[in-house]
Every structure is written in structure tokens, then in C-alpha cells.
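Visitor: Could you take me closely through a single part of this model, and set out the terms as you use them?

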Amino acid sequence: MFIPHTEADRAAMLEKIGVQDIQELFEAVPEKFRFPELQLEQAATEMEIMQELDEIASANFSVRDLICFLGAGAYNHYIPSVVDSIIRRGEFYTAYTPYQPEISQGTLQAIFEYQSLITALTGMDVSNASHYDGATAVAEAVNMAYAQFRGKRNKMVLSPGLHPHYRQTVHTYVQGTPVYVVGDRPEELNNGPDGLNKYLDADTALVVVQYPDFLGRVYDFTDLANQVHHAGALLAVAVNPIALGLLKPPGEFGADIVTGEGQPLGIPLSYGGPYLGIFATRQQYVRKMAGRLVGETIDNRGQRAYVLTLTAREQHIRREKATSNICTNQGLIALAATVYMSILGKHGLREVAELCYHKAHYAAKKIAEIPGFSLGSEAPFFHEFGVRCPLPVSEINEHLLEYGILGGYDLGQDYPQLKDHMLLAFTEMNSQEDIDLLVDSLSEMVTEASHA
Amino acid sequence: MPEPQLCDISVPGRRGMRYPAVDVPKSELPAGLVREELPLPEISEVDVVRHFTRLSQLNYAIDLGMYPLGSCTMKYNPKVNEDAARLSGFALIHPLQPVDTVQGALALMYELQEMLKEIGGFPAVSLQPAAGAHGELTGVLIIRAYHRDRGDTQRKKILIPDSAHGTNPATSAMAGMEVVQLPSDARGNIDLEALRSHCDERLAGLMLTNPNTLGLFEENILEITEMVHAAGGLVYGDGANMNALLGIARPGDLGIDVLHYNLHKTFSTPHGGGGPGSGPVGVSELLADFLPAPVVTIVEEGDEEIPPLYGYSTPAKSIGRVKAFYGHFGMFVRAYTYIRMYGPDGLRKVSEHAVLNANYLRVLLKDTYRVPYDRVCMHEFVAEGRWADAPDIHALDVAKRLMDFDFHPPTNYFPLIVPEALMIEPTETESKETLDAFAAAMLRIAEEARNNPDILHSAPHQTPVGRLDEVKAAKELVLCCGVSAPAI
């Protein structure tokens, strides 16, 4: 299949090496454990495996089969055809990390443009070439803040409105370090940005908030940034990049670090990955930032060209002294986001953001009119909001599924006080008809329940 | 001519994409929170496509030729993988859907866990880590959690051979462990005496790459794992070089307690110009309870007519979650496809031919390029790019000159213990003709090194750009379009 050797090739190669058969090459392997019989299914041909995979895939209900109102950190957006046609080019997806710039200018320039677009979108000075996802990008922000203060400030404040997976990931990352995490108390969810002030002191290294937060709410963080800076700490804002098509960028609030889940930028849902960890910061912190970075320079022929730069920060040079062990970035996924931002551009991204915004607000108004349902918060929101329901969320979702609707996220899982609260998300993929069907289905449930 | 930047081809008023009009009554935008400027480019679809297509043509890639890139396993990426991952039942499912609507995805993940367990010889696997270094972090945190669970909080010392990849020490430091470097012996194995001297009550574990980064199978592997275990430590296996071991030996059988697999190296998922990777972790029975949460399990056994019901569980003493959701699912589909297409006999053939190819090249080159640890190698070997009679030539010059012959250079200056190292890994997907052509290019370059050294120093000549001014890049730090930032 993908091994091209003929019998004659093998014979000639073995003779050249000076051994009788291939097995002889493995004598360094302890005999007792050499050549185990692997208990795996026998090989399938391409035709057979595609049939098998078709069957497995068809056991899933996709967002093509269902109307999707589920968000909570991963969003169903339209992906222009251009995106996949570019990232499916073998020259991009079968290329290696661009350590050899002379034959990697395509990848390098694409990353450079990714960095340019991310800084423009977030209002920050520099972006790295990306991290694994939104959760690990926050963990890297914690890492960077720890490195910035060299252990003199070890307290990290996480807003309870930060995605639960992001908070859990940070807790995992820091378990071997002197860093400690405060603030992520579910019961303080409604305290707003001011509620974090009480955690600021001389040991605070970093405050992390989300924009829009996990419940879709949007706050102005200007005052918080001032307070955080007054305490000598850094502010990180985890963003949804689509929201930044409409909303003030965190750079304007005075954020020191912007992280984000880049999935909404043209990346398929793909059951949670691979996604894209956005990471941008201020110029003064660039040397403490982890991850790959591409810079512009010239070659020995005087041409403009690109190269991985400041590599001396990274693990392959600094080894145990590096800020992070990060090695890969999300190369191809960052390319997809770059193509997405290029094709949508200034106008397209604003349109998508506004479509999301208006549809969500239409839905919120309609749902709040259904007896028994009410909005979980009065705060401004972007394209996602919490709804208090008259029935358990799981029951509602089962009912919605019968109508071909993928319902919302059960907030009670992460916030005990939000039992029977559902988080619903709206994008340009949801037509008014879809939203009306959702509203009708919810109303019907209430009617049925009251008759039962 | 260099390709212009996006900001250069942007023209006010141009559009690449149009969206339907808003079909619901509009709401008021949030006061004070709307941005005034969105400084993104304005480009037509044609121009976007041409820009990125032209950029793609500046890249080298597996689809264009061989990457003899030691420690990175750049094998062919089957096209069927790409179709598989894009099936709508895989690409268009939301990670938080109720599990009964994604039983196919869970079945595939469960089966992939089973396959990786079998191939690595481990009773438990987590698919969650996003890349090799991420798998390492997961593994070291598991080792740490294991010792703490037993009250051994003083066990913080992680031993790392001097030939190891930089992520090993970086990961250990990030997990709050103390790094101690171990020397290699004259045959390229771990120095057993040095190892013994560190086997004490502070030992947390040893991070071992086997075959090591010299491409050599650790000849004392059983003695090493026994010694570490006897001292109460655990052995971490860096799976970067797993392509030598499929159906050859199972790391779990050799006494490795935790290992990360690189789906993007061994199991043919594409490197994508630097990611996404995927670094599942396999562990021994002792460590199964510490795996990151969640893992895929069977909730209700099936029978002949009904498939099992799959769901998630959280291991009892889990280190926690290492990323959002469950891992790089799109990569799982590709790796599953690959393993199913090879089956048990095919996987063994993969490693056999990877090793055959490496040894063939070693023999073709070793009289011209010194191979400091010259014994039968596994899937890669390390040669030196230096000659006494060509004193100004370095491994870098050899590497750059190779580009003129349409080959990607080998990994160079790594491992650190070999001077002017050229680390060569051909993989099983290269034919004898390609290997012969590569060897011929290498031999010709060795001749040029003596007869025409300038052509090496000024190489490459045939590439879109020549050698770059890396000092300028680091000094001026121009990191985005249209902005020239001052150096700090």
C-alpha cells in the first residue's frame, strides 16, 4: 500500500546491509518480547475502510442532520469552500514545521499573516503562531504570568465566568508548581468584573476573564484592567474571535494577554478538535510568551522573507529553563483561520457577528415570552445566553431532539445554583424559521407539562 | 519575486464573501461596547485563492519529496485519511452533544484506545493530549500524582539522558520536577553506572526514548526498567520513535510505565506545517486511575444484535483535564483509518521496512559520513557532517545544499551529543530508488565539500529564497503586517 518495496528491492537492500533477512536487524530487542502477535483486526482495503467509516459516521447525528443551538465553547458556523480547498493542498498539509525557511516560505508567510490578523482582531501588539486550543492558551497565559514575576507572585485569579474546561485545564497544569488558583467559585458567577477586585494583592500575578463569558455575557473590562494594573498584576482576556467582529477588542480595555478559542474561524466542530489556541500579548512581554513566532527579514539575495524567530525562548534551546514545553503549534488550523479571516475580511466578519447577535437577541425575546422560561441574566450578551427552564434541561433536550433540534448546554453541571438553566447559542446558520421552531417546541412542552 | 502580504493586496470596498441579510428584527447593539474599527483586509475570492496557492508553492512537502528527518517520522499521509475525517458524521458533530447522538464517534475513540493499548502493551490509554509535548506533560503529571498518592512527596527527581529531545526537560520543569541529566555510554546506551548512582528515594522516574535519538535500541532496556522500578521510580517512554517498534516490541512489555504516542509521526496523520499533532498516552495498571478525564468506556455491554453503549468516565485519581473536550478527534479518525488499513501484519511490515530503509542508507553513507555509533540501527541513524580535510564545512552547509537536490535536509545539530549531527530517518514509505538518489546527493555533496566548498557555503541556490538573516529577524522583530516594532 504505502510501502513501495518489491521482493527484488528487499533482497538487494539486505545484501547491501549484509544480513540474511529483515528479522536479523532486530537482535537488540530482547528475544522474549520480540515480534509480539498483535491482536488487531486484519487489514482492510481503502474501499472496505471507507464503507466501515461511513457506517460509523452515520451512527452520529451531525449538525447537518440537526438544527444546532449548542455552543458552550464550540460553535456551528458556515465555512466558506475556499478554506478547505486551501488547507487540503498537499504543499500545506504534508509540510513539516518550517525549521528550514528556504523551503518553507509558504507556511512561514501564512503564519506571519495569521499573527497580523490576530493582532488586528484583538487590538494587541503581537500574536504567536497558536497553541492547542482555548483551554491550553489560558494555561499558557498562567505559565507566562508565573514566568514574568519569576515566582514572586504566584496567585492566579480565574473568573467563574471562564469556561469550566479552561479552568479545569489550568488546575491540571499548575499542580506541580507554586502557583495557586483563586476566584473560580461558581457561587460568585454573578458578581461581575468588580467581584474579582477582592482577589487583587501583592501576590496576584494574573486575572483571567472571558469575553463574552461562558454564559455569553459581555462586560466592559476597562475598570477591571485599571484595578489589576494598580495591583501590579496582568489581565488576560479569553475571547470568542467572532464576537470581536462586532465588539470592542480587549486591547482597548488594556488587556495584557488575549487568549481565545479559534474554532469559530472556519474550523469544523469535529467533535472537539483539532481547534486553535489564540494567544496575543503586548510587545513588552514578547520574550516571555511561549510558542512559535514568525518574523520578517531578508535573505542573502535581498528578498523579503520570513523565519521562526526568538527561538532561544523555546524548549529545544532552553530545555528545562524554557517558559513552556510547547513544541508544535496548530499550523494547519491556524492556516484555516487565516484563510477564513482573509475571505471574510473587514465586512464579512462584521456581518457574521451581527447575524449572530441579532438572531440570538430575537430568540432571547421570544423565549422569554414563553410562560415558565426566563433569561438568566440582564447583562448584555453576544450570541449565547442562559435560560431558566420550567423543567430539567435533559428532559427539554430529549424533547427537542424529537423535533430535530440539538438543544442547549446544561449549566447545572458546572454551577449548582443554575439547576434547570440551559445555555443556548445562535449563529448565522440558524434561520428565523429554525428559531421559531425552537420557540414553538419549547412552548409546546410547557403546554404539555401543564396538561399532564 | 516575493509574494505580497495580505495587507498589500487589500483594496477598500472589495469583498470575498457575502452573507444572507438578517432575517429577524434587528436589536440595538450594546452601547459602548461596539468596536469602531475592524482593521481586516478587503480581498476578492480570486485574489485570496491565488495568494494562498502561490504561498503553497513556496513549500516543500511530503507530497513533493522525501523528508529524511530524524525523530520526526515524516511518512506519506494517505489521502483516504483526509476523506475519512471530513465525513459529515465526524467533521460536523459538536463535542457537547448528548452521548447517545454520537455513538459512532465514541465507538471509534474506544476502538482506537483498544488498538493503541494492544500496540503499546498498556492496559489503559487516554486520547486527550494534543501533541507529543502535551502527552509528555500528561505523563509526568501522572508520575508525580502516583508518588504523591503513595505519600512519596520527596520523589521529584526525573532522570533524562543527554540525547533526549528538549521537550523532556522542559516538561519535567513545567510539572515542578527536578531534572538530572544522564550521560550515554560508548555504544550510545544509557550509562548504567550513572543511572544506578541516581536510583534513590528521591527518584521519581526516568524519561527514556527507545530507540533513542541516535536511532539505537537501548540494549539494556530490561535492566534499566528493573533498576528504576527497584528504586521505586517509574519509567516514562517518549513515543517519538515508535515507528521502529510496531509489532516489533511493545513498550509496556519492556517495563515502560507511561508512554505517549505521536499519531502525527507513527500513525500517518499529517504534520500540517507544524501541527496539529496528537499525543495519546498509554499507562500501566498502576497508573490507570491517574489518567486525564474523561476516558471513553462501555457503559452497557452489547450483544450480537445491539452494539454496546459508549460513554465517558473519570478515572478515580485523575490528574484532571489537560485540554478542552476529548482530544484531536479529527486525528483519531485518520489514525484509526491507518491502523485498520494495515492490520497486525501490516504494522509489523511498516516498522520492518522503516528499519530496513534506515540501515540501507546507513551502509550507503557510512564510509563518507562518519557514523559515531556504528551498529545496526533502528528506524534512523546519526552521522556527522564534518571532515578533517574540509574544515570550514558544517552540518548546516550539507543540510542547505541538499535542498538544491530536492530533498528536505535531515534534522541537524541534534542529538546534542554528536558533533555536527545529521539525523537521518527515511521512513518505510520511501522506495529504493528514492533512497539511492538521496545517497547519491549526499555523496556528491561530500565531494563538493572538499572540491568546491563555496557552493555549500552559499547553498541553497535553487530555492525560492536563500539563507536568511536570522539576526535581523530577532533584532527588528517585525511580527506582523505593516508594523515595524522597536527592538526591546
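Guide: Let us look at helix 2 of chain B, residues 45–56, where helices are DSSP runs of H or I with at least four residues, numbered from the N terminus. Its 12 residues should span 16 Å at 1.5 Å a residue, and because its end C-alpha atoms are 16 Å apart, the two values agree; the expected span is 1.5 Å times one less than the number of residues. This is a predicted model, in which local features need pLDDT of at least 70 and side-chain atom pairs count only at pLDDT 80 or more, while totals for chains, interfaces and linings use all residues. Residues are numbered from 1 along each chain as its sequence is written, and chains are lettered from A and ligands numbered from 1 in the order in which they are written.

Along helix 2 of chain B, the buried residues are Asp47(B), Val48(B), His51(B), Phe52(B), Leu55(B) and Ser56(B), buried meaning that 20 or more other C-beta atoms, placed from the backbone, lie within 10 Å of the residue's own. Their cover includes helix 1 (6–9) of chain B and, from chain A, helix 3 (81–87), helix 4 (90–93), helix 5 (105–122) and helix 11 (331–368).

Helix 11 of chain A also matters to the wider contact between the chains, since it gives 23 residues, the largest share of the side of chain A that touches chain B. That contact takes 168 residues from chain A and 168 residues from chain B, two residues being in contact if their C-beta atoms, placed from the backbone, lie within 7 Å. The side of chain A that touches chain B divides into 80 nonpolar, 58 polar and 30 charged residues.

Technical notes. Helices (H or I, at least four residues) and strands (E, at least two) are DSSP runs, numbered from the N terminus. A residue is buried if 20 or more other C-beta atoms lie within 10 Å of its own, exposed if 12 or fewer, and partly exposed in between; C-beta atoms are placed from the backbone. Ala, Val, Leu, Ile, Met, Phe, Trp, Tyr, Cys and Pro count as nonpolar, Asp, Glu, Lys and Arg as charged, and the others, Gly among them, as polar.
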